Amino acid sequence: VALSNPGVQLLQPYQAGKPVEELERELGLDEIVKLASNENPIGPSPQVVAAVESGLAGLTRYPDSNGFSLKQRLASRFAVSPQQLTLGNGSNDLLEIVARTFLREGTEAIYSQYGFIVYPLVTRACGAQGVEVPAQEYGHDLQAMADAITDKTRVIFLANPNNPTGTHFSNQAFDAFMARVPDSVIIVLDEAYSEYAAAIDTPQGLQQLSRYPNLIVTRTFSKAYGLAALRVGFAVANPVITDLLNRVRQPFNVSSLAQLAACAALDDEAYLQRTVAVNAAGYQQLTVALDALQVDYIPSVANFITLDLKQDALPVYQALLHEGVIVRPLAVYGLPRHLRVTIGTEAENLRFVAALKKVYS
Ligand code: PMP
């Protein structure tokens with residue numbers, strides 16, 4: 001085939017975790033514990049389930065392409081205006097919309113080593129050059145990222161907290177970085193996990209928007225709001241950038257059920273609080289167990305922990321799978337000795353720890 005964009009040939013297909021049912025069939029096990037995709041372990045909010053059920057009668061109609069009600073809810077919840085909002089089919093969709101809006105052949109996007117894998121994917125798919133900056137202690141080296149800016153740089157992708165390392169940066173480091181970035185460079189602050197890190201010294205992007213006209217903050221309903229299956233996220237930026245993103249966005253990119261569910265999820269504050277509390281307790285439970293087993297891990301402020309096994313992690317991943325516990329190997333991130341485990345319920349965490357104890361010592 002004739003490819004006009006040679007970047008497409010460099011793409012590695014995204015490796016998503018297999019569905020639990022498929023693994024159960026493959027392994028002949030009944031109770032698989034899936035701690036592989038940073039999903040919310042407590043199940044959906046009952047209010048969300050009711051909202052989705054109420055939408056079933058309307059399946060023959062297209063969704064509201066402009067997401068009027070959801071934008072109203074988001075605007076009042078986060079003290080922004082609807083003109084600052086772009087809705088996405090998950091936040092991955094928004095990352096791709098940003099790339100399609102600002103990148104093409106001859107331009108560059110900067111991201112960190114061990115940064116989220118979708119950044120190189122969307123960059124190369126647009127024919128742009130990806131510039132990967134070495135990490136510092138597994139996290140973003142913001143100074144080095146600012147040093148990497150050239151006159152071809154159009155976008156810098158930052159994940160805070162970062163997946164797959166769970167690292168974050170401080171307010172002071174972010175301000176120092178932003179002071180060095182020209183307004184012509186778009187900064188994407190990917191806050192897929194920010195709800196878990198609300199109480200620490202780290203930038204909350206929505207509070208930074210008035211200071212930086214070149215900032216785009218992306219958020220998702222897939223993690224703390226528990227709606228990964230429905231695919232819904234949002235970007236917040238100034239109205240000029242938002243207008244551009246909404247021109248590039250596909251019409252009807254967020255389904256009506258997803259819009260209804262997201263509205264209901266925003267109304268259920270107690271669910272969000274329970275999620276964050278379960279996660280904090282799970283982090284404590286897991287790190288105590290890992291310390292006891294003398295397994296090294298990267299301290300995390302998100303809903304997962306990345307373990308450093310100091311040896312090829314793939315056999316341990318396979319052995320855990322045979323114990324019915326699925327975690328995420330990280331060789332595609334250049335971390336072949338690490339495994340990422342999503343923080344689960346107390347019972348799921350116990351299953352993981354027992355399996356790890358059995359297969360790794
Ligand atoms: N950003 C980061 C850092 C992520 O880890 C993820 C999920 N793996 C996403 C964005 C995308 O999530 P979604 O498309 O479900 O919103």
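The exercises below, each with a worked solution, concern a predicted model of a single chain with a ligand.

**Exercise 1. Overall form**

Determine how many helices and strands the chain holds, and decide how its radius of gyration compares with the globule rule.

Solution. Begin with the secondary structure, which amounts to 13 helices and 13 strands in the chain. The radius of gyration is 20 Å, close to the 21 Å that the globule rule gives for 361 residues, so the chain is as compact as a globular protein of that length. The extent of the C-alpha trace along its principal axes, about 55 × 50 × 50 Å, can be set beside that value. Turning to the interior, 46% of the 361 residues count as buried. Finally, if one takes the contacts between residues at least 6 apart in sequence, 75% of them join residues at least 24 apart.

**Exercise 2. The annotated span**

State which residues the UniProt domain annotation covers, and describe that span in the model.

Solution. According to the unreviewed UniProt entry, the annotation "domain: Aminotransferase class I/classII large" covers residues 31–356. In the model, the C-alpha atoms at the two ends of this span lie 16 Å apart, and its composition is 38% helix and 18% strand.

**Exercise 3. Helix α11**

Compare the reach of helix α11 with the expected span, and identify what its buried residues pack against.

Solution. The helix runs over residues 269–293, which gives 25 residues. At 1.5 Å a residue, counted over one less than the number of residues, the expected span is 36 Å, and the reach from the first C-alpha to the last is 36 Å, close to that expectation. The next step is to list the buried positions, which are Tyr271, Thr275, Asn279, Gly282, Tyr283 and Leu286. An α-helix has 3.6 residues a turn, so residues three or four places apart point the same way. The buried residues of α11 pack against strand β10 (304–308) and helix α13 (346–359). Just after the helix comes Gln294, whose phi is positive, near 55°.

**Exercise 4. The ligand shell and Thr220**

Characterise the residues around the ligand by class, then decide whether Thr220 is buried or exposed.

Solution. The shell around the ligand consists of 13 residues, of which Gly90, Ser91, Asn163, Thr220 and Ser222 come nearest. By class, four are nonpolar, eight are polar and one is charged. Thr220 belongs to strand β7, residues 215–220. Because 25 other C-beta atoms lie within 10 Å of its own, Thr220 is buried, the threshold being 20 or more. Leaving aside residues up to four places away in sequence, Thr220 touches Gly90, Ser91, Ala192 and Gly233, and two of these partners, Gly90 and Ser91, also appear among the residues nearest the ligand.

**Exercise 5. Unusual backbone geometry**

Find where the cis peptide bonds and the positive phi angles of Tyr114 and Arg231 occur.

Solution. Take the cis bonds to begin with: the bond from Asn160 to Pro161 has omega near -10°, and the bond from Asn163 to Pro164 has omega near 15°. Pro161 is found in the loop between β5 (153–159) and α8 (171–180), and Pro164 lies in the loop between β5 and α8 as well. Asn163 is also one of the residues that come nearest to the ligand.

Then consider phi. Tyr114, although not a glycine, has a positive phi of about 60° and lies in the loop between β3 (108–112) and α6 (118–125). Tyr114 counts as buried because it has 25 C-beta neighbours inside 10 Å. Arg231, likewise a residue other than glycine, has phi near 65° and is placed in the loop between β7 and β8 (233–236). With 20 C-beta neighbours inside 10 Å, Arg231 counts as buried.

Note on methods
Residues are numbered from 1 along each chain as its sequence is written. This is a predicted model: local features need pLDDT of at least 70, side-chain atom pairs count only at pLDDT 80 or more; totals for chains, interfaces and linings use all residues. A residue is near a molecule or strand if its C-beta atom, placed from the backbone, lies within 6 Å of it. Ala, Val, Leu, Ile, Met, Phe, Trp, Tyr, Cys and Pro count as nonpolar, Asp, Glu, Lys and Arg as charged, and the others, Gly among them, as polar. Helices (H or I, at least four residues) and strands (E, at least two) are DSSP runs, numbered from the N terminus. The radius of gyration is taken over C-alpha atoms; the globule rule is 2.2 Å times the number of residues to the power 0.38. A residue is buried if 20 or more other C-beta atoms lie within 10 Å of its own, exposed if 12 or fewer, and partly exposed in between; C-beta atoms are placed from the backbone. Two residues are in contact if their C-beta atoms, placed from the backbone, lie within 7 Å. UniProt positions are given in the numbering used here, feature names are shortened, and annotations may be inferred rather than shown by experiment.
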